Each structure stands twice: as C-alpha cells, then as structure tokens.
Amino acid sequence: MSFRREKFIPKGGPDGGDGGKGGDVYLRVNDNLNTLADFRYTRSFKAKNGRPGSGQNKTGHGGDDLYIDVPLGTVVFDHDTDELIADISASDQCVVVAYGGKGGLGNAHFKSSTNRSPRRTTEGTKSEQRHLRLELRILADVGLVGAPNAGKSTLLAAVSQAKPKIAAYPFTTLYPQLGVVTVRAGRSFVMADIPGLVEGASDGVGLGTTFLRHLSRTRLLLHLVDVALLSVESLAQEITTIANELSHYGKDLAQQDRWLVFNKIDALPSNEAETKSRALVETLGWSGPRFLISAVTGQGCEALCQAVMAYLEGAEEPGWKGSE
Ligand SMILES: Nc1nc2c(ncn2[C@@H]2O[C@H](COP(=O)(O)OP(=O)(O)OP(=O)(O)O)[C@@H](O)[C@H]2O)c(=O)[nH]1
Ligand SMILES: [Mg+2]
C-alpha cells in the first residue's frame, strides 16, 4: 500500500504497484542425459519468488522460471496421489509441473470513482508445491512371453540382477520388470518380463494384454514353455494360443522374431525334454530356433543369452538348434 506524496500535490492518490508472479517449474528433455542419477543428490527444486510491488506504481518483477533437465523416456508421477503427470517421450517436450503463485495486488489496483484512496491490498497466492516421482522407461531389447508359471521371472532373475517375484502360482508378475543381461564386459541387453498370457488375454482375460505394449519395440520375443507340465498335444495348443494372442494384439508383435524356449528341463528325466520338445516343434511345424533350459539350475541359460546377444548384434546366426 502506498500513496503518492509530492510537494504541491495534495491527495496524490494510491500508487502501490502489484507484486510479481512467482516462477513456474518445468521439466524439459536434455538429450545428453540418459539416467536420473543427478536427482540422487539434488532433490529439491524451487523457482524464484516474484518481487514485491512498490510505491510509484512499480510492479514487482516476476520470478524466473526454473527448468529441470530430464532424460527422454522419463515418466512423471505425483508421488502423493500417484497421478501420472507426464510421459516425456519427445525431444522437444517441456511440461510445467508446478505453477508459481500469483503476485498480490497493490492498492492502486483498487482505485475507483467511489473509492479514491483505497487502503486495500491482497496477498499473493501460494505457489504450487509437489512431490514428484520420476521413473525412467528403458526400452527392452528382448521380451519374455508365455503362459503363467512358465518361469519367465525365474529366467530374468537367473540371468540379470533383477529381483522379480517368483512363485508357484499363476499371475505372480503383475507389472513388467526389466533386467540388464550382461553377456560379457561391455555387451549387454535389456530383458523385459511381463505378466503371463492366457487364452482370451486380448479380451482382458487374466491380466489382459495391455502389458504387451512394453514389448512393441523389442527386437526379439522369447516364448517360454514349461516343458514338464503338459502333454505334447496340450503344450502345442498352449503355444498356438499364445501366438494367437500376440497377433491379436497387433502386427508389430506378430511380426517380431520369436524363439521357443523350453524351460524346466531339470524336472524331466534326461533326454525326455529333448524328445518332447522335438515332438512339439514337429507338431507345430516350427522351423524357428528352439532352446532347452532350466532357469532354476541355470542349464542352457548362458547359451541362450549368448545367442540373443549375437542375434541383437546382427551376427551371423549359428545353426539355431538350441542346446543339442
Ligand atoms: N523345476 C523347475 N521349476 C522352475 C523352473 N523355472 C521356474 N520354475 C518354477 O516355476 C514357478 C513359476 O515361476 P515364475 O518364474 O514365477 O513364473 P512366471 O512365468 O514368471 O509366472 P507369472 O509371473 O505368474 O506369469 C516357480 O515355482 C518356479 O520356482 C525350472 O527351470 N525348473
Ligand atoms: Mg512372473
């Protein structure tokens, strides 16, 4: 609040200027970043305050906005409400995550024909404060698909540092999990484990197929099959069902290369897994690669990962016949 005070000008009138607006906080993409590691140290960010207004009708300066750099692929949640605020997926994306408060109004603002010397002012509004949770979505190179209980999570845990939940009941995995598989120094790929698929998944049966979108940009699908569980005929049926659910979901998945990985060979007497998987590929007319592994004992897992790495690096395909 201020009134004009000047010699020879009696009753100069109100001249208190408005306060400045507080700065906004933005997240913007920095293409040079590829981790969220910087946020481990700096966890609190604040845009500048607006400056107060003052006499002689001076409006306060607005506070500078704050731009926080994040890597492409960052997904932003409100940590308190779990609301998705932004999925930063384009290089030029810049999103406001908290607005600065509005400046207060000086008494000059309230002058009118009936009130020539208002003493009224308003406080500025509070700026927005938010707890954000940032997650970085890594694109996986390889996706694991298969019926519930096939051992997808067990395989991921066996070949990467990931610690997915594993249990002997269907639909243990509720959300996609990622793991980095390091084949040799400096050579690694990202493997995604998603919830199991069942017949009708594309119509929402089980956990549905919404998680398949995480695989839409992978380069290879590993189709895990519990070779110990069912008869050759039932397994052939199950494999076809899952292939159908994949093609139902969309052509990018149906067109992806898919390898059959027969798991749990430790649960069968020696050679039976081999005989059974051979009979299966014959029944299916399958000509693609076939692997035999045990995610629990680790048998065949390294050979599988080596083959995946070679495939991803575009190396010449060694005779894909699995672990014969
Ligand atoms: N004997 C044997 N059991 C295995 C093997 N791999 C996984 N299992 C068991 O199979 C069960 C299911 O394993 P998970 O890894 O949770 O299966 P999943 O495919 O991730 O299942 P969902 O997440 O429910 O789709 C667990 O009890 C595992 O211990 C294996 O190679 N041999
Ligand atoms: Mg699982």
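This briefing covers sheets, strands, a helix, aromatic contacts and a metal site. The model is predicted. There are four aromatic pairs in the structure. A magnesium ion (ligand 2) has Ser153 and Thr173 as its protein donors. Two open sheets of three strands are described, one ordered S2-S1-S5 and one ordered S4-S3-S6.

**Aromatic contacts**

- A pair of aromatic rings is described by the distance of the centres and the angle of the planes.
- Among the four aromatic pairs is a stacked one formed by tyrosine 26 and tyrosine 67. Their ring centres lie 4.8 Å apart, with 10° between the planes.
- This pair links distant parts of the chain. Tyrosine 26 belongs to strand S1 (residues 25-29) and tyrosine 67 to strand S2 (residues 66-70), 41 residues apart.
- Tyrosine 26 has a relative accessible area of 19%, so it counts as buried under the 20% limit. Tyrosine 67 is partly exposed because its relative accessibility is 36%, between the 20% and 50% limits.
- Tryptophan 259 and phenylalanine 291 also make a stacked pair, because their planes meet at 25°, under the 30 degrees limit. The ring centres are 5.3 Å apart.
- That pair, too, links distant parts of the chain. Tryptophan 259 sits in strand S11 (residues 257-263) and phenylalanine 291 in strand S12 (residues 290-292), with their positions 32 residues apart in the numbering.
- Tryptophan 259 and phenylalanine 291 are both buried. Together with Tyr311 they form one aromatic cluster.
- A charged side chain also meets a ring: arginine 133 lies over the face of phenylalanine 77, 4.6 Å from the ring centre.

**Sheet S2-S1-S5**

- This open sheet has three strands and mixed pairing.
- Its edge strands are S2 and strand S5 (94-98), each pairing on one side only.
- Neighbouring strands in the sheet are turned by 30° against each other on average, direction ignored.
- S1 and S5 are antiparallel and share four bridges. Valine 25 stands opposite alanine 98 of S5.

**Sheet S4-S3-S6**

- This open sheet of three strands is antiparallel in its pairing.
- Strand S4 (84-87) and strand S6 (132-136) are the edges, and each pairs on one side only.
- The average turn between neighbouring strands here is 20°, direction ignored.
- Strand S3 (residues 74-78) pairs with S6 in the antiparallel sense over five bridges. Threonine 74 has leucine 136 in S6 as its bridge partner.

**Strand S10 and its neighbours**

- Strand S10 (residues 220-226) is mostly covered, with seven of its seven residues buried.
- In a regular strand the side chains alternate between the two faces of the sheet.
- From S10, Leu220, Leu222, Leu224 and Asp226 point one way, while Leu221, His223 and Val225 point the other way. Residues on both sides are buried.
- Strand S7 (residues 142-146) runs parallel to S10 and is joined to it by five bridges. Leucine 144 stands opposite leucine 222 in S10.
- S11 also runs parallel to S10, joined by seven bridges. Valine 225 stands opposite phenylalanine 262 in S11.

**Magnesium site**

- Ser153 donates through OG and Thr173 through OG1, at 1.9 to 2.1 Å from the magnesium ion (ligand 2).
- The donors come from distant parts of the chain, 20 residues apart. Serine 153 is in helix H1 (residues 152-159), and threonine 173 is in the loop between H1 and strand S8 (177-184).
- Both serine 153 and threonine 173 are buried.

**Helix H5**

- Helix H5 (residues 301-312) has 12 residues. From first C-alpha to last it reaches 16 Å, close to the 16 Å expected at 1.5 Å a residue.
- H5 is largely enclosed by the rest of the structure, because nine of its 12 residues are buried.
- The buried residues of H5 include Cys301, Leu304, Cys305 and Ala307. Val308, Met309, Ala310, Tyr311 and Leu312 are buried as well. Tyr311 is also part of the aromatic cluster with Trp259 and Phe291.
- Glycine 314 follows H5 and has a positive phi, near 75°.

**Loop contact at glutamine 56**

- Glutamine 56 is in the loop between S1 and S2.
- Glutamine 56 counts as exposed because its relative accessibility is 59%, over the 50% limit.
- Its C-alpha atom is separated by 7.8 Å from that of serine 2, which is 54 residues away along the chain.

Terms used:
Residues numbered from 1 in each chain as written. Chains lettered and ligands numbered in written order. Predicted model: local features only at pLDDT ≥ 70, side-chain atom pairs only at ≥ 80, totals over all residues. Heavy atoms only, no water. Phe/Tyr/Trp six-rings, centres within 6.5 Å; stacked < 30°, edge-to-face > 60°. Buried < 20%, exposed > 50% of the residue type's maximum accessible area, 1.4 Å probe, protein only. Lys NZ or Arg CZ within 6 Å of the ring centre and 35° of its normal. Pairing = 2+ DSSP bridges. Axes fitted to C-alpha atoms, helices over the stretch in contact; angles between N-to-C directions. Donors = N, O, S within 2.8 Å, 3.2 Å for Na, K, Ca; no water. Expected span 1.5 Å × (residues − 1).
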